[in-house]
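The report below describes a protein model through its enclosed spaces, its sheet and a helix with the loop that follows.

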Amino acid sequence: MIVYQANKSQFISDVFTNDIENIVLDNVRRKLNRGAGPSEIKSWANSLQFMDRIMRDEGIPSDCGIAIEYQIPQTGKRIDFIISGQDDSNRDSVMLIELKQWSQASLTNKDSIIETFVGGRIGEHPHPSYQAWSYATLLRGFNEVVYTEDIQLYPCAYLHNYTEDDVIRNECYSEYIQKAPVFLKSDALKLSEFIKKHIRYGDRSNILYRIENGKIRPSKMLADSVSKMLKGNQEFVMIDDQKVIYENALSLASRASETNKQVLIVQGGPGTGKSVVAINLLVELTRKGLLAKYVSKNAAPRAVYESKLKGNITGVEIRNFFSGSGAFIDCEENQFDALIIDEAHRLNKFSGLYGNQGENQIKEIINAAKFSVFFIDEDQRVTLKDIGRKEEIEIWANRARATVTELELTSQFRCNGSDGYLAWLDNVLQIRETANTDLFDVDYDFKIVDTPNQLRDLIFEKNKINNKSRLVSGYCWKWPSKKNPMAYDIIFPEYDFKMKWNLTEEGSKWIISPDSVNQIGCIHTCQGLEVDYIGVIIGEDLIVRNNMVITDASKRASSDNSVKGYKNLLKENPDQAKASLDLIIKNTYRTLMTRGMKGCYIYCVDKETAAYFKQQFSSNS
């Protein structure tokens, strides 16, 4: 959607009236149904005055197109300023200009990231050249008009308050500056020349209208590139009922339409291959020319699968195939051909950083897609906010008049293919009573160790094989190392043991980062993912007394959002709150203890709890 659209002459006239920022604001209110803060309005007033001076160059055609604040579909990102016209060869050409009011910045050691003062504080932000280039890359990869009609895109950045220094054009940003030049305060004439080089004639073919109304779907080249990444990758080969689910999903997707919405609910426990099917569906539906996205509440699965599928594709392009679950609040109905929701049990009612946006994520996802598939395991709901239950999905599907299909993944490919281990774990954690009271004849490496040092050493040794062993823990320790790199988080003085939670530098790819075995992960960085061997520290939020498993949310760290608000819930409805908290804590450890494909080793902080696990395990012999 384009907020403001005119030709050069009209734009100059609107600026001349000293009212351009209010014209843009009125359009924002009317088209985007939102307002704008004082700083955003001021930025329009300032930056557009500078662009007015540039556009007054008589060599820039008066009938070239001008667009302000073009919102790139599916992203929420907006291109500040666009100029459209034809070049020397009469090819449709578009300039994408990222406008900044920055006056200074600092280098970082991160690719394309720069530090500067924005929004009242200093923070990390993408380099303006990277921003402009990334927006052009999205349009080339996903706007059908741009890639089929060969519209030429020329991104750049204009920092009209910035004086030349050794930061903004530093060599470390040269890769992106070459793709999208950056113009500074003293470069007004150079920017004019850059525009005139590519926009020689006015917009004779309604380029801006065509781009705004272009169908959003990945280009064939992009779809083929993603598809190639799966071929020959054993990690994504589908087996048994995974293939059955996959083919059924493709069939439903082919039948889905605006008047025939389809919802597929796939239930499956840990290691049944939900994510394998989800990624295969994303790739195949994309290859078929459908607009599809992989969706998850947690960032970790998205980051890991983005990394595995990236290949030679740019990060900007591959990220556009993935989305958080709160991204569909303002989506048009049936905007997507398919949405594939992995770890759907983790969906929340509300969205946004403060949980105050939207109505219901399940409703919004079903509304946004002709076909939506939800992969769920209700035993992996691990926070008070998780609402992803089969019944909840059915309620919203029925309200949307969608046809609901239910299927199940049953074949176990984690925990050495052992359903027996999962059933034994449910019994031991007292989630449900099962007939599996021992691990007799179960080919799975399970150990209880006496010290955290033993646990660490076992995982370190296993990790030498292929870097697929990790340490995780219940969230019973605060995270001081997040702000103080010299601090440690999980400390056992009596064992001279100290380690840190997963580093922020690793981001959501902690589980596959080469050195992350030296840190301890939590439920949020490993759920939906797997390793060969997992080492689990069971904290004081789960203890055993007289052979009864007892959970205690008060032992969780105050920074743990999984049980945030539990004290109020205990006051309002004690019985229900206790039952919910008990299930969440047990589910958390069940999930942690099923991340290992070949083995799980545990250390219990509480001695009686350790004795209980040893007793349950020793009954095998």
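What volume does the second largest cavity have? The second largest cavity has a volume of about 40 Å³, in a model that is predicted, so that local features are taken only at pLDDT of at least 70 and side-chain atom pairs only at pLDDT 80 or more, whereas totals for chains, interfaces and linings use all residues. Residues are numbered from 1 along each chain as its sequence is written, and side-chain values rest on heavy atoms, with hydrogens and water left out.

**Cavities and a pocket**

Both kinds of space are found on a 1 Å grid over the protein atoms alone: a cavity is a set of points where a 1.4 Å probe fits but cannot get out, a pocket is an open set with protein on both sides within 12 Å along at least five of seven lines, and lining residues have an atom within 4 Å of a point. Grid points are joined across faces, edges and corners, and a volume is the space filled by probe spheres set on the points. By this rule there are three cavities of 30 Å³ or more. In the classes used below, Ala, Val, Leu, Ile, Met, Phe, Trp, Tyr, Cys and Pro count as nonpolar, Asp, Glu, Lys and Arg as charged, and the others, Gly among them, as polar.

| Space | Volume | Lining by class |
|---|---|---|
| Largest cavity | about 60 Å³ | six nonpolar, three polar, no charged residues |
| Second largest cavity | about 40 Å³ | eight nonpolar, no polar, no charged residues |
| Second largest pocket | about 1500 Å³ | twelve nonpolar, 19 polar, eleven charged residues |

The wall of the largest cavity is made by Ile72, Pro73, Gln74, Leu138, Leu139, Phe142, Asn143, Ile216 and Asn320. Around the second largest cavity stand Ile2, Tyr70, Ile82, Val94, Leu96, Leu139, Leu208 and Ile211, and strand 4 and helix 8 (207-212) each supply at least two residues of this lining; helices (H or I, at least four residues) and strands (E, at least two) are DSSP runs, numbered from the N terminus.

The second largest pocket has 42 lining residues, with Lys297, Leu353, Lys385, His524 and Asn561 lying nearest its centre. Helix 12 (299-310) and helix 18 (523-526) each contribute at least two residues to the lining of this pocket, and helix 12 gives the most, with three residues.

**The sheet and the helices packed on it**

Six strands form an open sheet of mixed pairing in the order 1-2-3-4-8-9, where two strands pair if DSSP finds at least two bridges between them. Strand 1 (2-7) and strand 9 (182-183) are at the edges, each with a single partner strand, so one side of each has no neighbour in the sheet. Strand 1 pairs with strand 2 (residues 65-71) in the antiparallel sense over five bridges, and Gly65 in strand 2 is the bridge partner of Asn7.

Helix 3 (residues 38-55) packs on the sheet, in contact (heavy atoms within 4.5 Å) with strand 2, strand 3 (78-86), strand 4 (92-100) and strand 8 (152-159), and its direction makes about 20° with that of strand 3. Helix 4 (residues 128-142) lies across strand 2, strand 3, strand 4, strand 8 and strand 9, and runs at about 160° to strand 8. For these angles, axes are lines fitted to C-alpha atoms, for helices over the stretch in contact, and the values run from 0 to 180 degrees between N-to-C directions.

**Helix 16 and the loop after it**

Accessibility is described in three classes, with buried meaning under 20% relative accessible area, exposed over 50% and partly exposed in between (1.4 Å probe, protein chains only). Nine of the ten residues of helix 16 are buried, so this helix is largely enclosed by the rest of the structure. Its buried residues include Tyr421, Trp424 and Asp426, and the elements covering the buried residues include strand 16, strand 23 (548-551), helix 20 (574-592), strand 24 (596-604) and helix 21 (607-618).

Just after helix 16, Gln430 takes a positive phi of about 60°. Arg432 lies in the loop between helix 16 (419-428) and strand 16 (445-449), and at 34% relative accessibility Arg432 is partly exposed. Leaving aside residues up to four places away in sequence, Arg432 touches Asp379, Asp426, Asn427 and Arg590.
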